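Hi,

Here is the structure I said I'd pass along. Have a look at it first, and then read on for what turned up.

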Amino acid sequence: MARYLQSTAKEAVSEYCKVAEKHGVTPTEMALMWSNSRDFVSSTIIGATTTSQLRENIEAFSKEMTPEMEEDIQTVFKKYKDPARN
């Protein structure tokens, strides 16, 4: 936990959440949509402990990444390439 608290990870997470909100999806949906849009990912593992989380995860697979969303994600990634390190 100390590694997380002493890094830029919180800022990166906040930026990714803003991107998700801008595009009308939850951060979970955006992460699953991104994973599902990668040709090199053969399987996306979801994790849910409640029915509502499972529903959110499943719904993400019926949504598609837009070029604008991809661009916004890349902008955040370029700023925080490895947020666990300062």
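Before the pocket, a word on what counts as one: a pocket here is an open set of grid points with protein on both sides within 12 Å along at least five of seven lines, and a lining residue has an atom within 4 Å of one of those points. By that rule, the largest pocket is lined by Tyr 16, Pro 27, Met 30, Ala 31, Trp 34, Ile 73, Gln 74 and Phe 77. The space inside is about 230 Å³.

Do keep in mind that this is a predicted model. Mean pLDDT for the protein is 91, with 93% of residues at 70 or more. Helix α5 has the highest confidence, at a mean of 97, while α1 (residues 2-5) has the lowest, at 66.

The overall layout is easy to describe: five helices and zero strands, so to speak α-α-α-α-α from the N terminus on. The C-alpha trace spans about 35 × 30 × 25 Å along its principal axes. Of the 86 residues, 24% are buried. Looking at contacts between residues at least 6 apart in sequence, 71% join residues at least 24 apart.

Back to the pocket. Which helices supply at least two residues each to its lining? Those are α3 (27-37) and α5 (67-79), and α3 gives the most, with four residues. The lining has seven nonpolar residues and one polar residue, with no charged ones.

Then there's the core. The largest nonpolar core has 13 residues, and those with the most contacts inside it include Val 19, Val 25, Met 30, Met 33 and Ile 73, along with Met 65 and Met 69. Helices α2 (9-22), α3 and α5 each supply at least two residues of this core. Two names come up twice: Met 30 and Ile 73 are in that high-contact group and also line the largest pocket.

Val 19 is a good place to start clicking around. Setting aside neighbours within four places in sequence, Val 19 is in contact with Met 30, Met 69, Asp 72, Ile 73 and Val 76.

Helix α3 deserves a look as well. Its buried residues are Glu 29, Met 30, Leu 32, Met 33 and Ser 35, and they pack against α2, α4 (51-60) and α5. Among them, Met 30 and Met 33 also belong to the high-contact group of the core.

Shout if anything is unclear.

Cheers

Definitions and conventions:
Residues numbered from 1 in each chain as written. Predicted model: local features only at pLDDT ≥ 70, side-chain atom pairs only at ≥ 80, totals over all residues. Heavy atoms only, no water. 1 Å grid on protein atoms, 1.4 Å probe; cavity = no way out; pocket = protein on both sides within 12 Å on 5 of 7 lines; lining within 4 Å. Points joined across faces, edges and corners; volume = space filled by probe spheres on them. Nonpolar A, V, L, I, M, F, W, Y, C, P; charged D, E, K, R; others polar. Core = buried A, V, L, I, M, F, W, Y, C linked by side-chain atoms within 4.5 Å. Buried < 20%, exposed > 50% of the residue type's maximum accessible area, 1.4 Å probe, protein only. Contact = heavy atoms within 4.5 Å. pLDDT = per-residue confidence, 0-100.
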